[in-house]
Amino acid sequence: VETGVTYEIKIVVNGTHIQGYIDGELQFDYNAESDTLAESYHVVSTDESGDIIIKLVNVTDSDRTFAIDIENAENLDSVAKVYQVAGDSLSNDNILGAEEDCIMVDFTVEGITEQFNYTAPQYSATVIRISADK
């Protein structure tokens, strides 16, 4: 993700089959187990710069608080960049030429430590990017 660049993001879900596209190019194609129909999902990774990337998905009709625990994290920046797409229904859909149901926003949050809570809004996908102090 580059600052100032607009991306077209498309996620297609058919039962437990999930596909994700960026600018029309397939990025992932995944079949989830039928017993993985949870109310929220999360994954934590790092990128080549060492930044910590936290991805949160809330598929419920209410806000969900995630307890984040980043073990052995050193020199975390106390401010994180957040990219978030949220809607008011599972049926929200952005269709070319129509008013968008969901719009991505980005903002910063302060108070990042090795352990913190983050509340994700209903029907949302959130990416939190935390840098190491340089």
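1. A good place to start in this predicted model is Arg129, which forms a salt bridge with Asp51, their closest N and O atoms lying 3.0 Å apart. Arg129 sits in strand S10 and Asp51 in the loop between S4 and S5, so this pair ties together parts that are 78 residues apart in sequence. Asp51 has a relative accessibility of 7%, so it counts as buried.

2. Arg129 has another partner to look at: its side chain meets that of Asp47 in a salt bridge, at 2.2 Å from N to O. Here too, distant parts of the chain are linked, with Asp47 in the loop between strand S4 (40-46) and strand S5 (52-58), Arg129 in strand S10 (residues 124-130), and the two positions 82 residues apart.

3. Taken together, Asp47, Asp51 and Arg129 are linked in a network of salt bridges. How buried or exposed are Asp47 and Arg129? Asp47 has 19% relative accessibility and counts as buried; the cut-off for that class is under 20%. Arg129, with a relative accessible area of 27%, is partly exposed.

4. Please also have a look at Lys81 and Asp106, whose side chains meet in a salt bridge of 2.9 Å, N to O. Lys81 belongs to strand S7 (residues 79-86) and Asp106 to strand S8 (residues 104-110), so the pair links distant parts of the chain, 25 residues apart. Lys81 is partly exposed at a relative accessible area of 29%, and Asp106 counts as partly exposed at 45% relative accessibility.

5. For the overall tally, a search of the whole structure finds 4 salt bridges; those discussed above are among them.

Methods
Residues are numbered from 1 along each chain as its sequence is written. This is a predicted model: local features need pLDDT of at least 70, side-chain atom pairs count only at pLDDT 80 or more; totals for chains, interfaces and linings use all residues. Side-chain values use heavy atoms; hydrogens and water are left out. Helices (H or I, at least four residues) and strands (E, at least two) are DSSP runs, numbered from the N terminus. Buried means under 20% relative accessible area, exposed over 50%, partly exposed in between (1.4 Å probe, protein chains only).
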